[in-house]
Amino acid sequence: LKLIDSPQRIDTKLIEEELKTSERVILQFVDEVYSDSMLKELDQLCAKHAKNLVIRFYGHYKGTFDAQTLQHLPHVKALHLDCLRQVDNLEVLGELKHLKQLSLGVYGLREKEIFQAPNLYQLERLFIGETKIKGLNLEYLEHYQGLKILGIHGHRKNIEVVGKLKNLETLRLNSISKVP
C-alpha cells in the first residue's frame, strides 16, 4: 500500500512505478489543493489502470466538499469520500460509469436515496460510513449483485436486502441495533 497525501502536482511516473510494486496506491486530498488540470491528469491514470488506484477526498475542514469535482474524474474506479462533514452535489456519483469501489463516509449526508443510481449497481466493494441521519435507504442494494465486500456502519433501513446479495464474500456491520 502506498499513500500519496495532497500532492502539489501529479507525478505520473512515480504513481505508475508504485502501481507496479504496490497492491494499492491511494492518492488523497485533505483540502481543495487540486486543480482541474491535476484532476484531468489523474483521470488519465484512472483510465489506464485498474481499480488498485484509489482516489480519496477527506477532511475538507475549511468547508464543504463539492462533488462536482468528480466530473473531472469520469474514469475513476475506486473512490473514497470519507471523513467528510458535508458534501454538495453528491448526485454526481451517478455519472461515474467505471466505478467499482466506493467508500462513502459523509456525516452530514442529506441524500437518503443516493444508492439508487444505476451505475452504482456495478460496485464490487462498498463501505457506508456513519451519518447523522439514520434513514439512509438500503433497499437499492438489492441490485448490487456483483458486490463482494460490504460494510455498513449504523444504517438499518431495509437492511434485509443484504440477504439477497449472492456474491457477497465479506460483510461488516457496525453499530447496527434493533434489527430482527
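1. **Gln 145 and its contacts.** Gln 145 touches Tyr 121, Lys 164, Leu 165, Lys 166 and Asn 167, leaving out residues up to four places away in sequence. This is a predicted model, so read each contact as a prediction. Gln 145 sits in the loop between S8 and S9. Its relative accessibility is 31%, so Gln 145 counts as partly exposed. Look also at Leu 168. Gln 145 and Leu 168 are 23 residues apart along the chain, yet their C-alpha atoms are separated by 8.2 Å.

2. **Confidence.** How far does the predictor trust its own model? The chain averages a pLDDT of 94. Of the residues, 99% score at least 70. Confidence is lowest in helix H1, residues 12–21, with a mean of 92. Confidence is highest in strand S8, residues 125–128, at 98.

3. **The core.** The largest nonpolar core holds 53 residues. Phe 57, Leu 70 and Leu 79 touch the most other members. Several elements give two or more residues to this core. The helices are H1 and H2 (36–48). The strands are S2 (25–29), S3 (53–59), S5 (78–84), S7 (101–106), S8 and S9 (149–153). H2 gives the largest share, five residues. As background, nonpolar side chains tend to be buried together in soluble globular proteins.

4. **Leu 79 in detail.** Pick out Leu 79 and trace its contacts. Leaving aside residues up to four places away in sequence, Leu 79 touches Ile 55, Phe 57, Leu 70, Leu 93, Leu 96, Leu 99, Gln 101, Leu 102 and Ser 103. Phe 57 and Leu 70 appear in that list. Both were named above, with Leu 79, as touching the most other core members.

5. **The largest pocket.** Which residues lie nearest the centre of the largest pocket? They are Arg 125, Leu 126, Phe 127, Ile 149 and Arg 172, out of 13 lining residues. The pocket has a volume of about 210 Å³. S7, S8, S9 and strand S10 (170–174) each supply at least two residues of the lining. By type, the lining divides into five nonpolar, five polar and three charged residues.

6. **Ser 6, an angle to check.** Phi of Ser 6 is near 40°. That is a positive value in a residue other than glycine. Ser 6 lies in the loop between strand S1 (2–5) and H1. Is Ser 6 buried or exposed? At 16% relative accessibility, Ser 6 counts as buried, because the cut-off is under 20%.

7. **His 60, another angle to check.** His 60 is not a glycine, and its phi is positive, near 45°. His 60 is found in the loop between S3 and strand S4 (65–66). Its relative accessibility is 4%, so His 60 counts as buried.

8. **Leu 1 at the start.** Leu 1 lies in the segment before S1. Is this leucine buried or exposed? Leu 1 is exposed, because its relative accessible area is 68% and the cut-off is over 50%. Leu 1 still has contacts. Neighbours within four places aside, Leu 1 is in contact with Ser 22, Glu 23, Arg 24 and Ile 26. Ser 22 is 21 residues away along the chain, but the two C-alpha atoms are separated by 5.4 Å.

9. **Ile 10 in a loop.** Ile 10 lies in the loop between S1 and H1. At 5% relative accessibility, Ile 10 is buried. What does Ile 10 touch? Its contacts are Ile 15, Leu 27, Met 38, Glu 41, Leu 42 and Leu 45, not counting residues up to four places away in sequence. Asp 43 is 33 residues from Ile 10 along the chain, and their C-alpha atoms are separated by 11 Å.

10. **Gly 154 in a loop.** Where is Gly 154? Gly 154 is in the loop between S9 and S10. With a relative accessible area of 13%, Gly 154 is buried. Gly 154 touches Lys 134, Asn 174, Ser 175 and Ile 176, again leaving out residues up to four places away in sequence. Gly 154 and Lys 134 are 20 residues apart in sequence. In space they are 7.4 Å apart, C-alpha to C-alpha.

How values were computed:
Residues are numbered from 1 along each chain as its sequence is written. This is a predicted model: local features need pLDDT of at least 70, side-chain atom pairs count only at pLDDT 80 or more; totals for chains, interfaces and linings use all residues. Side-chain values use heavy atoms; hydrogens and water are left out. pLDDT is the predictor's confidence in each residue, from 0 to 100. Helices (H or I, at least four residues) and strands (E, at least two) are DSSP runs, numbered from the N terminus. A nonpolar core is a set of buried Ala, Val, Leu, Ile, Met, Phe, Trp, Tyr and Cys residues joined through side-chain atoms within 4.5 Å. Buried means under 20% relative accessible area, exposed over 50%, partly exposed in between (1.4 Å probe, protein chains only). Contact means heavy atoms within 4.5 Å. On a 1 Å grid over the protein atoms alone, a cavity is a set of points where a 1.4 Å probe fits but cannot get out, and a pocket is an open set with protein on both sides within 12 Å along at least five of seven lines; lining residues have an atom within 4 Å of a point. Grid points are joined across faces, edges and corners, and a volume is the space filled by probe spheres set on the points. Ala, Val, Leu, Ile, Met, Phe, Trp, Tyr, Cys and Pro count as nonpolar, Asp, Glu, Lys and Arg as charged, and the others, Gly among them, as polar.
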